[in-house]
Amino acid sequence: MNQVLEAIKKRRSVRFFHSKPIEMDIITTIIEAGNQAPSAGNLHPWRFIIVEDEKIKRLLLEVTLSKWRKIVEYLKNTRPEYYKEIMFESRYRELEEPKDHIYFHAPIILFIIDFRRHAVDCALACQNIMLSTYSLSLGTCYVGFGAMVTDNAEIRKVLELKDDEQIHTIVLGYPKEDLPRRPPKKEPQIKWI
Ligand SMILES: Cc1cc2nc3c(=O)[nH]c(=O)nc-3n(C[C@H](O)[C@H](O)[C@H](O)COP(=O)(O)O)c2cc1C
């Protein structure tokens, strides 16, 4: 199998990382891969923020968890059935454990900041980053929860977020164990015309 197809097939979301820092040339390479993504009008409507600082990571985790607690409380009061459904899933119940189940203690939290709501362009950059990181034997996980920090004033200041910017979050590091098994993938729905 050619290497691109192999990377697409074998990349997995990784949630256990060594604390070992990531070399600068690796970070430069994966950012460059993200920056090679196609973008509408070739605008490159993104910028990248690499978070290594433990204090900022702690702040990100606290703000995300606090937002999550508010959402859970809201669902408990307004949509009890949905609340029960969510709490049935261990990945949501475990969020409150002392372990970091949001950013997974990753050595790097990478934000891809989307200018003027160019979410599609940024998603393409994210996939380039995840595949290139895999090809360098590191692991990544896209963290949807990461977007919950967007309305926090302190974090907005740290990230220098402008009004019309959104964030995408990828955590990365050296995987602590073998890559997880491939989760079941559905057969594609295809219509030939
Ligand atoms: C938009 C998006 C949001 C995601 N958010 C999270 C998240 O917050 N936490 C997490 O552990 N995984 C998250 N994931 C990873 C998915 O759970 C994962 O891609 C899926 O289970 C398939 O596994 P695979 O990536 O190994 O193929 C997210 C993925 C996407 C695309």
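Author: Two strands are said to pair if DSSP finds at least two bridges between them. The model discussed here is predicted. In E4, leucine 172 is the bridge partner of threonine 140.

Reader: What makes E3 and E4 a pair?

Author: E3 and E4 are joined by four bridges in the antiparallel sense. Pairing requires at least two bridges, so the condition is met.

Reader: How many bridges support the pairing of E1 with E2, and how many that of E2 with E4?

Author: E1 and E2 share six bridges, and E2 and E4 share seven; both pairings are antiparallel. Particular residues illustrate this: tryptophan 46 stands opposite aspartate 114 in E2, and aspartate 114 stands opposite glutamine 166 in E4. Isoleucine 112 likewise faces histidine 168 in E4.

Reader: What is the order of the strands in the sheet, and which of them stand at the edges?

Author: The four strands form an open sheet in the order E1-E2-E4-E3, with antiparallel pairing. E1 and E3 (139-142) are the edge strands, because each has a single partner and one side of each is therefore left without a neighbour in the sheet. From one strand to the next, the twist averages 25°.

Reader: Which helices pack on this sheet, and at what angles?

Author: H2 touches E1, E2 and E4, and its direction makes about 155° with that of E1. H6 lies across E1, E2, E3 and E4 and runs at about 5° to E4.

Reader: Why is E4 described as largely enclosed?

Author: A residue is buried when its relative accessible area is under 20%. Seven of the eight residues of E4 are buried, so the rest of the structure largely encloses this strand. E1 is mostly covered, with five of its six residues buried.

Reader: How do you know that the span of H2 agrees with its number of residues?

Author: H2 (residues 24-35) has 12 residues, and at 1.5 Å a residue it should span 16 Å. Its end C-alpha atoms are 16 Å apart, so the two values agree.

Reader: Which residues of H2 are buried, and what places them on one side?

Author: The buried residues are Ile26, Ile27, Ile30, Ile31, Ala33 and Gly34. They cover an arc of only 155° around the axis, and therefore lie on the same side of H2. An α-helix has 3.6 residues a turn, so residues three or four places apart point the same way. The face turned away from the buried side carries the exposed residues Met24 and Asp25.

Reader: Against which elements do the buried residues of H2 pack?

Author: They pack against E1 (46-51), E2 (108-114), H6 (119-135) and E4 (166-173).

Reader: Where is serine 39 found, and why is it called buried or exposed?

Author: Serine 39 is in the loop between H2 and E1. Its relative accessible area is 14%, and because this is under 20%, serine 39 is called buried.

Reader: What does the side chain of serine 39 reach, and which residues is serine 39 in contact with?

Author: The side chain of serine 39 reaches the backbone nitrogen of leucine 43 at 3.2 Å; the cut-off for a polar contact is 3.5 Å, so this distance falls within it. Leaving aside neighbours within four places in sequence, serine 39 is in contact with His44, Pro45, Trp46 and Asp121.

Methods
Residues are numbered from 1 along each chain as its sequence is written. This is a predicted model: local features need pLDDT of at least 70, side-chain atom pairs count only at pLDDT 80 or more; totals for chains, interfaces and linings use all residues. Side-chain values use heavy atoms; hydrogens and water are left out. The expected span of a helix is 1.5 Å times one less than its number of residues. Buried means under 20% relative accessible area, exposed over 50%, partly exposed in between (1.4 Å probe, protein chains only). The arc is that of the directions from the helix axis to the C-beta atoms. Contact means heavy atoms within 4.5 Å. A polar contact is a pair of N or O atoms within 3.5 Å; within protein, one must be able to donate a hydrogen and the other to accept it, and residues adjacent in sequence count only if both atoms are side-chain atoms. Axes are lines fitted to C-alpha atoms, for helices over the stretch in contact, and angles run from 0 to 180 degrees between N-to-C directions.
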